Amino acid sequence: MSQAASNAALGLSQSPALASGFQFPSIHNFPPFYTLQPTASTWNNQADLWGTIIMRYYRHHRLYQLDLDDSLTNEQLFNNQRINRKLKPEAIQAIVDEMVKKGDAEWDATSQKRRAIIYWRKPEDWAAMISSWVFESGLNNSILTYYEIAHGENSEDQEFYNIHATVLQKTMDVLVKRGVAATFQGANFEEMGVKFFNAGA
Amino acid sequence: MDRWDPIQLTSTFRPVLEPQEAIQTTQDQVGLYDGQAEDYPNGTVYLTSYRILYIDAKDPTRKSIGLPLRLIHGVQHYSGFMSSSPKITLDLYQRLAIADPQSSSDLISSQGTTSGLNANLGALSLKSEPSWVCAICYNSNQGAFIKCAVCGVRKPQESLESTTTTPTPDPFQLSESTQMGATDSRDSARRSDFGSVTNPTTANGLGTDTQDTPGIACPACTFHNDPFMIQCEICGAELQDAESVAFLLDRQQQHQRSISQLPSTIDSPSPPSSTLSTGTNQVSDSNALKTTGGNKFMPSLSSFYTRTASGNGSSKQSPEDANSVKLSFRAGGNGNFHTLLRAALAARVWDSKPKKRVAESSTALPSTTALETAQAAPSIKVGGISGIMRTVETNKKATDETLSQAFQDLQGLMDKAAEMVALAETISNRLAKSNTMDSEETVTFKTYLLSMGITSPVTKDTAGAVFHKELARELVEFILPIVEREGGTMSLMDIYCVFNRARGVELISPKDLHTACQMFQDLNLPLRLRKFDSGLLVIQTMARYSDDEVSSTISKRIQNLPPGAGLTAVELASAIQISVALAQDQLLMAESRGLICRDESVEGLRFFDNLFAKWEI
């Protein structure tokens with residue numbers, strides 16, 4: 001509460017919530033927010049703020065991949081029509097670079113910094129979430145396809161429903177490394193299989 | 001050394017010059033001695049049109065002295081040999097002849113005796129007199145004015161104490177002398193010559209004190225006017241006024257003097273064709289006067305004699321060697337100095353000064369102009385208030401004339417530069433007195449006037465080797481108040497413009513300005529040259545405006561703006577009256593300190609308070 005009050009004291013107007021229910025913080029209406037700040041300390045603060053907003057936005061909308069060419073998402077997030085300001089692609093790249101440094105994002109190695117995965121939840125967290133779901137629903141010791149985890153009927157109400165393939169792969173890598181599960185090659189990514197062993201055994 | 005007087009210095013240890021005085025050359029590392037103690041071993045010597053000034057390098061406040069050029073009667077040049085520096089020896093006039101201020105001013109020009117030109121003496125004697133209020137029209141006049149600037153009535157006698165020794169001619173005797181024919185005046189001149197030779201006090205006695213004068217009877221209506229009036233107070237008729245007559249006579253005599261080179265007869269031997277057999281120095285003088293054969297004005301003539309006599313008497317008392325002083329040029333420059341000194345001595349500007357004064361009277365002595373015009377056009381004679389009004393009108397006309405003449409061509413402007421500055425000062429003084437100061441126009445006009453005003457700019461010709469040092473000093477004197485008004489910082493470009501504008505004609509190059517500014521620190525002047533990261537050069541006052549202070553001021557200014565409003569360099573520049581380039585640099589400085597942040601958009605670069613640092617996620 002006190003933090004909201006102190007932010008409000010800075011005198012920026014609050015944008016109305018989006019149709020999706022997401023509410024941008026009022027700093028989103030601050031014109032310099034859309035200019036890459038040349039002063040190092042100011043820039044660090046600015047990049048932190050952007051990283052936080054991007055992660056909040058992606059979490060709210062269950063988005064995983066940031067694509068500089070995906071105009072639909074970028075229009076909402078990086079373009080503020082109210083104050084007529086737009087974050088330039090270079091600035092977005094610089095912000096993602098900062099996020100990558102902190103482990104909050106990862107560039108798609110083949111995209112030449114056009115696409116990045118935003119880890120609004122770390123693979124370790126996803127791993128814990130998925131494995132606990134598997135054990136709770138008694139699916140351990142049986143083989144599940146990636147498709148069943150990400151898009152199956154059983155996981156419909158789960159947070160990882162529609163999880164991005166890359167994120168899912170990262171999560172599985174974590175589980176395999178821990179020795180909790182084993183993966184099986186499939187014809188394509190969605191047919192890849194995974195078997196969870198008995199927990200903690 | 002006893003003839004050298006202490007001189008006034010400016011805050012940057014440059015000499016304060018008289019009006020009309022101009023620096024001819026400057027030379028540093030000059031020693032000054034008269035064969036005895038070396039009290040003045042090393043300093044900067046300035047040669048002006050009137051004086052030689054010595055400013056000590058080590059102790060400028062106490063050891064700065066000046067010698068009027070008129071006291072020099074000879075110059076010897078020694079070009080130096082082996083380790084001996086080049087020297088210039090100045091031979092001075094006898095001591096007692098100039099010990100008395102009254103007779104020293106007589107030495108320059110014998111007009112000292114005529115009241116009309118006493119103002120010149122006031123200006124020469126380097127004293128600033130208090131201003132006085134006219135008893136007739138209550139106009140407040142400058143102390144140097146002998147007459148009221150508006151109505152022409154003379155200054156009250158009690159404030160003229162310094163000049164009361166000057167004999168004031170008897171109006172009646174004067175009118176008598178003017179009525180005399182040419183041959184008569186010659187005789188009378190000789191007669192009065194003898195009178196003055198035999199008894200100098202009689203010569204002084206010729207003039208009766210004006211306090212005792214009963215007043216001038218108007219030739220038209222017989223009204224007894226105040227002796228100071230030039231026109232009848234009742235009917236406006238021209239009075240046979242002592243001053244105006246004396247003034248005219250004096251100008252004629254001065255003209256003759258310029259032809260006959262009268263002062264040179266002091267040193268020259270007597271002319272061979274001597275008709276009078278008294279055989280004294282006075283004979284040669286009276287001969288010189290006789291041969292010129294013009295109108296003589298007795299009191300001035302007699303005082304001239306008195307002075308010569310006293311000069312002769314003193315020669316026995318003062319030792320010969322004290323009458324010369326040596327300038328030792330350790331860093332060269334003696335040749336140039338010698339040439340210019342000779343030129344200055346030959347020019348005898350102090351002799352022509354009264355003439356200049358008359359020409360300039362439209363600005364400095366309006367009453368003289370009024371007097372002249374009144375004499376030139378005697379057909380219109382109005383007394384009382386309308387007379388005063390007309391005088392004011394005449395002054396206005398004269399001022400207009402000066403202005404139009406000044407702008408006729410560049411040469412004219414250069415000639416009139418000093419007058420223009422004097423005029424600007426007069427107008428700004430008048431504006432300061434009047435109560436219309438609140439109008440914006442007046443304020444603007446006043447700033448224009450004030451921005452004119454370097455009367456004797458430092459040039460490469462006059463300053464020579466020390467040009468940049470002198471320039472730096474002049475610059476600081478001129479620019480310091482302006483920089484303070486502008487908030488402590490001004491870009492070099494702005495300074496270049498303002499400074500050159502004030503100099504008027506002797507413009508300097510950007511390089512010279514830059515070089516001069518780089519010397520601020522060495523000369524221990526209160527300004528500093530500073531280079532911003534962007535390459536912008538500025539002049540700053542010392543200490544008062546640190547970077548931190550400027551940054552926090554800007555940050556506060558931005559915080560006080562309505563939320564969401566930023567500040568551009570242009571807005572900042574106009575808000576605190578600095579140049580845009582400087583404003584931009586100050587904003588960038590504040591930004592680099594993390595106090596503000598930028599917003600680049602199609603509308604340009606705006607700066608905002610740094611909310612990123614304050615925002616809590």
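Is Asn84 of chain A buried or exposed? Hold on to that one for a moment, and let me first say hello and tell you what we have on the screen. This is a predicted model, and I will walk you through it one piece at a time.

Now, back to that residue. Asn84(A) sits in the loop that runs between β2 (79-80) and β3 (85-86) of chain A. With 12 C-beta neighbours inside 10 Å, Asn84(A) counts as exposed, because the cut-off for exposed is 12 or fewer. There is something else to notice about its backbone: Asn84(A) is not a glycine, and yet its phi is positive, at about 60°. As background, most residues other than glycine have a negative phi. Asn162(A) is another non-glycine residue with a positive phi, this time about 65°. You will find Asn162(A) in the loop between α6 (146-151) and α7 (165-178) of chain A. Asn162(A) has 13 other C-beta atoms within 10 Å, so it is partly exposed.

Let's step back and meet the two chains. Chain A has seven helices and eight strands. Of its 201 residues, 29% count as buried. If we take the contacts in chain A between residues at least 6 apart in sequence, 56% of them join residues at least 24 apart.

Chain B has 617 residues, and buried residues make up 38% of them. Its secondary structure comes to 22 helices and 17 strands. Among the contacts in chain B with a separation of 6 or more, 62% are between residues 24 or more positions apart.

So how many residues of each chain take part where A and B touch? On the chain A side there are 20, and they are in contact with 21 residues of chain B. Two elements of chain A, α1 (2-8) and α2 (40-60), each give two or more residues to that side. The biggest contributor is α2(A), with six residues. By class, this side of chain A has seven nonpolar, 12 polar and one charged residues.

Next, the inside of the model. In soluble globular proteins, nonpolar side chains tend to be buried together. Here, the largest nonpolar core has 82 residues, and the ones with the most contacts inside it are Ile118(A), Ala472(B), Ile539(B), Leu587(B) and Ile596(B). Our friend α2(A) turns up again, giving the largest share of this core, seven residues. A second, separate core has 28 residues, including Trp4(B), Tyr46(B), Leu90(B) and Tyr93(B).

Which residues does Leu587(B) touch, leaving out those up to four places away in sequence? They are Ile554(B), Ala569(B), Leu572(B), Ile596(B) and Phe607(B).

For the next part, please find helix α17 of chain B, residues 467-485. We will look at it with two partners.

The first partner to look at is α18(B), residues 492-503. The two axes come within 11 Å and cross at roughly 120°. That is why α17(B) and α18(B) are called oblique to each other. Their crossing is right-handed. From α17(B), the contact uses Leu475(B), Phe478(B), Ile479(B) and Ile482(B), and from α18(B), it uses Ile495(B), Val498(B), Phe499(B) and Ala502(B). Sorted by class, that contact has eight nonpolar residues, no polar ones and no charged ones.

Let me pause on Ile482(B), which lies in α17(B). Its C-alpha atom is separated by 9.3 Å from that of Val498(B), 16 residues apart along the chain. Ile482(B) has 17 C-beta neighbours inside 10 Å, so it counts as partly exposed.

The other partner is α19(B), residues 510-518, whose axis is 8 Å from that of α17(B), at an angle of about 80°. These two helices are therefore roughly perpendicular to each other. Here His468(B), Leu471(B), Ala472(B) and Leu475(B) of α17(B) meet Asp512(B), Thr515(B), Ala516(B) and Cys517(B) of α19(B). By class, this contact has five nonpolar, two polar and one charged residues. You may recognise Ala472(B), which is also among the residues with the most contacts inside the largest core.

One last stop: Ala343(B), in helix α10 (residues 334-347) of chain B. Ala343(B) has 13 other C-beta atoms within 10 Å, so it is partly exposed. The C-alpha atoms of Ala343(B) and Ser49(B) are separated by 9.3 Å, with the two residues 294 apart along the chain.

Thanks for listening!

How values were computed. Residues numbered from 1 in each chain as written. Chains lettered and ligands numbered in written order. Predicted model: local features only at pLDDT ≥ 70, side-chain atom pairs only at ≥ 80, totals over all residues. Contact = placed C-beta atoms within 7 Å. Helix = DSSP H or I, 4+ residues; strand = E, 2+ residues; numbered from the N terminus. Nonpolar A, V, L, I, M, F, W, Y, C, P; charged D, E, K, R; others polar. Core = buried A, V, L, I, M, F, W, Y, C linked by C-beta atoms within 7 Å. Buried ≥ 20, exposed ≤ 12 C-beta atoms within 10 Å, placed from the backbone. Axes fitted to C-alpha atoms, helices over the stretch in contact; angles between N-to-C directions. Parallel < 35°, antiparallel > 145°, perpendicular 65-115°, else oblique. Left-handed = near helix turned anticlockwise from the far one by under 90°.
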